[in-house]
Structures are given as C-alpha cells and as structure tokens.
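Got the viewer open? Let's walk through this model one selection at a time.

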Amino acid sequence: MAGRETKMVDLDSILRTEPTIVTAFSALNFVKLNHDQHLQLCDLLEEIADSLPDRIDERQCVYAAAALRNRVSIHHQLEEDVLFPRLMARAGDDQELRGILNRLADEHRTDEGHCEEAIELLAKLSQGMPPPNVEAAGYMLRGLFEGLRRHIAFENDHVLPMAQALLQEDDLEALASEIRRTDQPPYPASSSH
Ligand SMILES: [Fe+2]
Ligand SMILES: [Fe+2]
C-alpha cells in the first residue's frame, strides 16, 4: 500500500543499548514517550481499520500485532506497580485521586481485552485471511484505538503533571529502575508502507 512512512519512536532500542539514559530526572519523559509510541500505534490501527477489507497491508498487521503484544501491558504494569501507588502515597488520603487511578486501572483491563481481540484479528489479516464480518472487525479496532487515545490524553493532561508536581526523587528513581528493568522484548524494528 502506498502512503506515508510510519516511524515509531525508537525508545526500545535506546533502552536496549543505553538503559542508563533512564534516570530519576528523565523517567517521566520516558512515560510520555511511551504514550507517544502508543498514539503512533493508534494511528496505525486506524489506517488498518480504514483499509478493511481489501486494501490490507499485511506488514502493517504484523507490526501492529507485535507492538500491541509487546508494549501495552508492560506500560500498564509500570503505571499500576509504580507510578499510581507512588502518586497515591504522595497525595495522602485523596479519595478523588484514588477513584481516578482505580478507573484508569480498570480501563487498562478493558484495553488489554480489546488488544487480545485485535491481535487475533491482525494475525489473520497478516495471513491474508479476511474477517468474516468486516463491519464488526472495523468497529473492534476503532473501539481499541479510540479508547487508548482517550486514556492517554487523560494521563498526559492530568496524571503526568500531577506526578511532576508530587513525586520525589526516590519515587522517580523507582520509576526509572522499573523502566530499565522491563526492557522490551524484540519486535520488528520499523514499519514502512
Ligand atoms: Fe494508563
Ligand atoms: Fe499510560
């Protein structure tokens, strides 16, 4: 399929070759870079949804499935294991924030369920197998990328500024250490289409 070149932020190769670049000072920027990666993945999923049923680029599907499999749950784990609890601890007994963070964690579960369905669909598309119900397949992909975009926009607008204001150096070092530890598994290096 002719079109623009998609180039993901190559955060993963940076982390593999130079993990010490992630420090307490840069940890929140790396969370934001994760979000940028996910937004690029959302754009790719939208292109795939728009190309259903007969303009599918199989390489795009392979790339998107690998990215969904390798990126999304690791990011959710980082937030739920480190970012959210550290933020909650610094905010004291803030029931409103607790409610917000619980809602975000619930959205992670919903998005992961949608990711599983999308990975299955993308695997079939990448093998040249059209979906039995094109409309349902497009609807499912749209539900996934629209949900991810909303979630990320909220975190960028509200959670990251709060983290910037409240987290202390030891929180940020814990975040950096988790990012370095969860170096992402290999996946296709880039997608061009
Ligand atoms: Fe999140
Ligand atoms: Fe996030």
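At what angle do helix 2 and helix 3 pack, and how far apart are their axes? Select residues 27-51 for helix 2 and residues 58-90 for helix 3: the angle is about 145°, and the axes sit 10 Å apart. Helix 2 goes past helix 3 in a left-handed crossing. To light up the contact, pick Val31, Asn34, Gln37, His38, Leu41, Leu44, Leu45, Glu47 and Ile48 on the helix 2 side. On the helix 3 side, add Gln60, Cys61, Ala64, Ala67, Arg71, His75 and Leu83. Colour that contact by class and you get nine nonpolar, five polar and two charged residues.

**Step back for the whole chain**

Before going further, keep in mind that this is a predicted model. Show the whole chain as a cartoon and you'll find six helices and two strands. Trace the chain from its start and the order reads β-α-α-α-α-α-α-β. Of the chain's 193 residues, 27% are buried. Now for the contacts: taking those between residues at least 6 apart in sequence, 84% join residues at least 24 apart.

**The loop after helix 2**

Select Leu52 and Pro53 next and zoom in on the backbone. The peptide bond from Leu52 to Pro53 is cis, and its omega is near 0°. Most peptide bonds are trans. As for location, Pro53 belongs to the loop between helix 2 and helix 3.

**Ile48, in helix 2**

Back up to Ile48, which is part of helix 2. Is Ile48 buried or exposed? Buried: 26 other C-beta atoms lie within 10 Å of it, and a residue counts as buried when that number is 20 or more. Set aside the neighbours within four places in sequence, and Ile48 is in contact with Ile56, Gln60, Cys61, Ala64 and Leu141. Two of these names, Gln60 and Cys61, also turned up in the contact of helix 2 with helix 3. For a longer jump, draw a distance from Ile48 to Leu125: their C-alpha atoms are 9.7 Å apart, though 77 residues separate them in sequence.

**Over to helix 5**

Leu141 from that contact list is the next stop, and it lies in helix 5. Leu141 is buried, with 25 other C-beta atoms within 10 Å. Leaving out residues up to four places away in sequence, Leu141 touches Leu45, Ile48, Ala49 and Ala118. Glu117 is worth a distance line too: C-alpha to C-alpha, Leu141 and Glu117 are 8.8 Å apart, with their positions 24 residues apart in sequence.

Now show all of helix 5, residues 134-166, together with helix 2. Their axes come within 9 Å and cross at roughly 160°. That angle makes helix 2 roughly antiparallel to helix 5, because anything over 145 degrees counts as such. The crossing of this pair is left-handed. Colour the contact of helix 2 with helix 5 by class, and the residues split into 14 nonpolar, five polar and five charged.

**Helix 4, end to end**

Select residues 95-126 for helix 4. How far apart are its end C-alpha atoms? The distance is 45 Å, which agrees with the 46 Å that its 32 residues should span at 1.5 Å a residue.

Then show side chains for Leu101, Asp111, Cys115, Ala118, Leu121, Leu122 and Leu125, which are buried in helix 4. The buried residues of helix 4 pack against helix 3 and helix 5.

For a contrast, click on Arg98, also in helix 4. Arg98 is partly exposed, with 13 other C-beta atoms within 10 Å. Draw a line from Arg98 to Pro85, 13 residues away along the chain, and the C-alpha atoms are separated by 9.4 Å.

Just past helix 4, stop at Gly128, where phi is positive, near 75°. Most residues other than glycine have a negative phi.

**Last stop: helix 3 with helix 4**

Finally, put helix 3 and helix 4 on screen together. They pack at an angle of about 165°, with their axes 9 Å apart. That makes helix 3 roughly antiparallel to helix 4. The crossing of helix 3 and helix 4 is left-handed. By class, their contact holds 17 nonpolar, four polar and six charged residues.

Methods:
Residues numbered from 1 in each chain as written. Chains lettered and ligands numbered in written order. Predicted model: local features only at pLDDT ≥ 70, side-chain atom pairs only at ≥ 80, totals over all residues. Axes fitted to C-alpha atoms, helices over the stretch in contact; angles between N-to-C directions. Helix = DSSP H or I, 4+ residues; strand = E, 2+ residues; numbered from the N terminus. Left-handed = near helix turned anticlockwise from the far one by under 90°. Contact = placed C-beta atoms within 7 Å. Nonpolar A, V, L, I, M, F, W, Y, C, P; charged D, E, K, R; others polar. Buried ≥ 20, exposed ≤ 12 C-beta atoms within 10 Å, placed from the backbone. Parallel < 35°, antiparallel > 145°, perpendicular 65-115°, else oblique. Expected span 1.5 Å × (residues − 1).
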